[in-house]
Amino acid sequence: MTLLITVFAAVISTVVWYNRKDDNMKLGILLFMYWGASIMWLVDAIYEYAELHEEYFTPAAADMLNDAFLGLSVVALGLVIWVVRLLITDPKGSVHRALTRKKA
């Protein structure tokens with residue numbers, strides 16, 4: 001489940017990155033994080049299959065639920081890192097304008 005969830009996030013972020021009008025949102029960072037996580041989970045799946053063989057394809061329900069939560073957590077953490085980086089770099093100047101706006 002972790003591999004499946006991160007691959008979906010990687011594909012979605014890649015499609016959004018490919019169809020972008022400008023590079024203000026720095027989507028490349030997001031898609032590289034998700035593709036890196038997908039490769040990591042792929043290697044993990046290969047090693048786990050080498051260890052379990054046929055049992056790999058019949059996981060327990062609790063294991064699938066734990067893997068789903070882990071995959072969603074990885075996607076959420078990637079989004080948090082991306083948003084924090086956007087807030088720090090402030091490519092459109094929105095945060096700077098909001099902080100320096102004078103009270104009337």
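Hi everyone. Let's start at one residue, D44, which sits in helix α2. Before going on, please keep in mind that this is a predicted model.

So, is D44 buried or exposed? The answer lies in between: D44 is partly exposed, because its relative accessible area is 37%, and buried would mean under 20%, exposed over 50%.

D44 also has company. Together with E48, E51, D63 and D67, D44 forms a patch of negative charge on the surface. Which elements give two or more residues to that patch? They are α2, covering 27-52, and α3, covering 61-89. Helix α2 is the biggest giver here, supplying three residues to the negative patch. If you have the structure open, try finding D63 and D67 too, as they belong to the patch along with D44.

Now let's step back to the whole chain. How many helices and strands does the protein chain have? There are four helices and zero strands. Reading from the N terminus, the order of elements is simply α-α-α-α.

What about the overall dimensions? Along the principal axes, the C-alpha atoms of the protein chain fill a box of roughly 70 × 30 × 15 Å. The radius of gyration of the protein chain is 18 Å, whereas a compact globule of 104 residues would have one near 13 Å.

One last number for you: of the 104 residues in the protein chain, 22% count as buried.

To recap, we began at D44 in helix α2, met the negative patch on the surface, and ended with a chain of four helices and zero strands. Thanks for listening!

Notes:
Residues are numbered from 1 along each chain as its sequence is written. This is a predicted model: local features need pLDDT of at least 70, side-chain atom pairs count only at pLDDT 80 or more; totals for chains, interfaces and linings use all residues. Side-chain values use heavy atoms; hydrogens and water are left out. Patches are made of residues with over 30% relative accessible area and no salt bridge: like charges are joined within 9 Å, nonpolar side chains (Val, Leu, Ile, Met, Phe, Trp, Tyr) within 5 Å. Accessible areas come from the Shrake-Rupley method with a 1.4 Å probe; for residues, only the protein chains shown count as cover. A salt bridge is a side-chain nitrogen of Lys or Arg within 4 Å of a carboxyl oxygen of Asp or Glu. Lys and Arg count as positive and Asp and Glu as negative; His and the chain ends are not counted. The place of a charge is taken as NZ of Lys, CZ of Arg, CG of Asp or CD of Glu. Buried means under 20% relative accessible area, exposed over 50%, partly exposed in between (1.4 Å probe, protein chains only). The radius of gyration is taken over C-alpha atoms; the globule rule is 2.2 Å times the number of residues to the power 0.38.
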